[in-house]
Amino acid sequence: MSDCIFCKIAAGEIPATVVYQDDEILVFEDINPKAPVHLLLIPKQHMATLNDAGVRQAQLLGRLTLKAAELAEEKGVAQGGYRVQINCNPDGGQVVFHLHMHLMGGRKLECLT
Ligand code: 5GP
Ligand code: ZN
């Protein structure tokens, strides 16, 4: 999508600190980190929200989740603990409308639940 900031990052048109990528996933550091480790995991293919994912994206969503766990280990926050979060639409706190998963860790995170 031409006016999507995360599509532009995936295309290399906007710089980001990339920590992992393959043919379908890109992971980069959040520009405004809320925790010592704060990564964003995105599908390279544009999807606005989790509402747009269907069963055809099940494997991709699983891969994103497992990659988050793998990077938590790599970043040294797996044992202490971390959070994986997808915000959906305004009430869910979504600001960038390209599906993304937050991986946050490295400090005690406050809970909503
Ligand atoms: P949301 O609130 O949509 O779930 O999260 C969007 C996240 O994207 C925010 O944590 C914000 O800091 C991050 N973000 C917004 N614009 C950019 C950008 O241009 N580059 C990077 N690396 N992160 C961004
Ligand atoms: Zn996009």
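Me: What makes the meeting of the side chains of R63 and D22 a salt bridge?

Reply: The closest N and O atoms of R63 and D22 are 2.5 Å apart, and a salt bridge is a side-chain nitrogen of Lys or Arg within 4 Å of a carboxyl oxygen of Asp or Glu, so 2.5 Å between these two side chains meets the definition. Please keep in mind that this is a predicted model, in which local features need pLDDT of at least 70 and side-chain atom pairs count only at pLDDT 80 or more, while totals for chains, interfaces and linings use all residues. Residues are numbered from 1 along each chain as its sequence is written, chains are lettered from A and ligands numbered from 1 in the order in which they are written, and side-chain values use heavy atoms, with hydrogens and water left out.

Me: Why can one say that the pair R63 and D22 ties together parts that are apart in sequence?

Reply: R63 belongs to helix α2 (residues 58-74), whereas D22 sits in the loop between β1 (18-21) and β2 (25-29), so the pair ties together parts that are 41 residues apart in sequence. Here helices (H or I, at least four residues) and strands (E, at least two) are DSSP runs, numbered from the N terminus.

Me: How do you know whether D22 is buried or exposed?

Reply: D22 has a relative accessibility of 16%, and buried means under 20% relative accessible area, exposed over 50%, and partly exposed in between (1.4 Å probe, protein chains only), so D22 counts as buried. R63, with 27%, is partly exposed.

Me: Which residues are joined into one network by salt bridges that share partners?

Reply: R63 also forms a salt bridge with E24, the closest N and O atoms being 2.6 Å apart, and this pair again links distant parts of the chain, 39 residues apart. In helix α2, K67 and E70 lie three residues apart, about one turn of the helix; the network itself joins D22, E24 and R63 through shared partners.

Me: Why is the site of the zinc ion (ligand 2) called tetrahedral?

Reply: The zinc ion (ligand 2) is coordinated by C4 (SG), C7 (SG), H46 (ND1) and H98 (ND1), at 2.1 to 2.3 Å. These distances fit the rule that donors are N, O and S atoms within 2.8 Å of the metal (3.2 Å for Na, K and Ca), although sites may look incomplete because water is not among the atoms. The angles among the four donor atoms are 106 to 117°, and four donors count as tetrahedral if all angles lie between 85 and 135 degrees, so the name applies to this site.

Me: What is known about C4 and H98, and why do they tie parts together?

Reply: C4 lies in the segment before α1 (5-10) and H98 in the loop between β4 (82-85) and β5 (101-105), so the pair ties together parts that are 94 residues apart in sequence. Both C4 and H98 are buried.

Me: What makes the approach of N87 to ligand 1 a polar contact?

Reply: A polar side-chain atom of N87 lies 2.9 Å from an oxygen atom of ligand 1, and a polar contact is a pair of N or O atoms within 3.5 Å (within protein, one must be able to donate a hydrogen and the other to accept it, and residues adjacent in sequence count only if both atoms are side-chain atoms), so the 2.9 Å of N87 qualifies. A backbone N or O atom of V96 is likewise 2.9 Å from an oxygen atom of ligand 1.

Technical notes:
Tetrahedral: all angles 85-135°; square planar, octahedral: opposite > 155°, others 65-115°.
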